[in-house]
Amino acid sequence: MPVQTTTHLNFRGDARQALEFYQSVFGGHLVVNTYADFGMPAEIPGADKVVFGLVAAENGFRIMGYDIPGRTEGGIAAPGSTHRETNTTVTDQSLFVSISTPTREELQGYWDTLSTDASIVEPLAASAWSAGFGMLTDRFGVTWSASVTAE
């Protein structure tokens, strides 16, 4: 029986914006439920924040997002940083989101949109292990590792 994993990202107030952005990059449908949808009185601060969010696309892309109650400073929880230093990727982040596609052309399309307002860690280019590999940290603090699937 197959097992499906889905990355679940915890945000500090901007899960909806992040999920809408990821839907614009990868397509698919967006589901967003707020704390108010699950019974929190609408007048309580944070009732409009995301308690359950999902982007699911026909191409297999799936990601979930959530807003930590009471957090409003934006970005992913405990973001850390990732950068290149002396030809090595240095990070204190606890996770990356990894995507792969069968062709460089398909990956380039996702990369071009995902890189909007992002910090490029490593530009998308051919590497020793892939026809295309790159890393970036998007405007929400999520670091993405992107590659063409090795054959």
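**Strand E9**

I started with strand E9, residues 133-137, in this predicted model. I asked how many of its five residues are buried. Five of the five are, so E9 is largely enclosed by the rest of the structure.

Next I checked which way the side chains of E9 point. Phe133, Met135 and Thr137 go one way. Gly134 and Leu136 go the other way. Both sets are buried. I noted the general rule beside this: in a regular strand the side chains alternate between the two faces of the sheet.

**Neighbours of E9**

I then looked up the pairing. E8 and E9 run antiparallel and are joined by four bridges. I picked out one pair there: Glu122 has Met135 of E9 as its bridge partner. E9 also pairs with E10, in the antiparallel sense, over five bridges. Here Gly134 stands opposite Ala146 of E10. So I have E9 paired with E8 and with E10, because two strands count as paired if DSSP finds at least two bridges between them.

I followed the chain from E9 into E10. The two form a hairpin with five residues between the strands. Gly141 in this hairpin takes a positive phi near 90 degrees.

**Strand E7**

What else does E10 pair with? I found E7, in the parallel sense, over five bridges. E10 covers residues 143-148. Ser100 has Ser147 of E10 as its bridge partner. E10 therefore pairs antiparallel with E9 and parallel with E7, each pairing meeting the rule of at least two bridges.

I compared the two faces of E7, residues 97-101. Its side chains alternate. Val97, Ile99 and Thr101 point to one face and are buried. Ser98 and Ser100 point to the other face and are not buried. In E9, by contrast, the residues pointing either way are buried.

**Two loop residues with positive phi**

I turned to backbone angles. Most residues other than glycine have a negative phi. Which residues did I note against that? Thr86 is one, with a positive phi of about 45 degrees although it is not a glycine. Thr86 sits in the loop between strand E5 (82-85) and strand E6 (88-91). Is Thr86 buried or exposed? Its relative accessibility is 72%, so it counts as exposed, the cut-off being over 50%.

Asp117 is another non-glycine residue with a positive phi, about 60 degrees. I placed Asp117 in the loop between helix H2 (104-114) and strand E8 (119-125). Asp117 is exposed as well, with a relative accessible area of 61%.

**The whole chain**

I stepped back to the fold. I counted two helices and ten strands. Their order along the sequence is β-α-β-β-β-β-β-β-α-β-β-β.

I checked the dimensions. The C-alpha trace spans about 55 × 35 × 30 Å along its principal axes. The radius of gyration is 16 Å. A compact globule of 151 residues would have one near 15 Å, so the two agree.

How much of the protein is buried? I found 40% of the 151 residues. The exposed area is about 8,200 Å², and carbon and sulfur atoms supply 52% of it.

I looked at contacts with a separation of 6 or more. Residues 24 or more positions apart account for 54% of them.

Last, I looked up the charges. There are 8 positive and 17 negative ones. Their mean positions are 3 Å apart.

Technical notes. Residues numbered from 1 in each chain as written. Predicted model: local features only at pLDDT ≥ 70, side-chain atom pairs only at ≥ 80, totals over all residues. Heavy atoms only, no water. Rg over C-alpha atoms; globule rule 2.2 N^0.38 Å. Buried < 20%, exposed > 50% of the residue type's maximum accessible area, 1.4 Å probe, protein only. Contact = heavy atoms within 4.5 Å. Areas by Shrake-Rupley, 256 points an atom, 1.4 Å probe, with all protein chains shown as cover. Lys, Arg positive; Asp, Glu negative; His and termini not counted. Charge placed at Lys NZ, Arg CZ, Asp CG, Glu CD.
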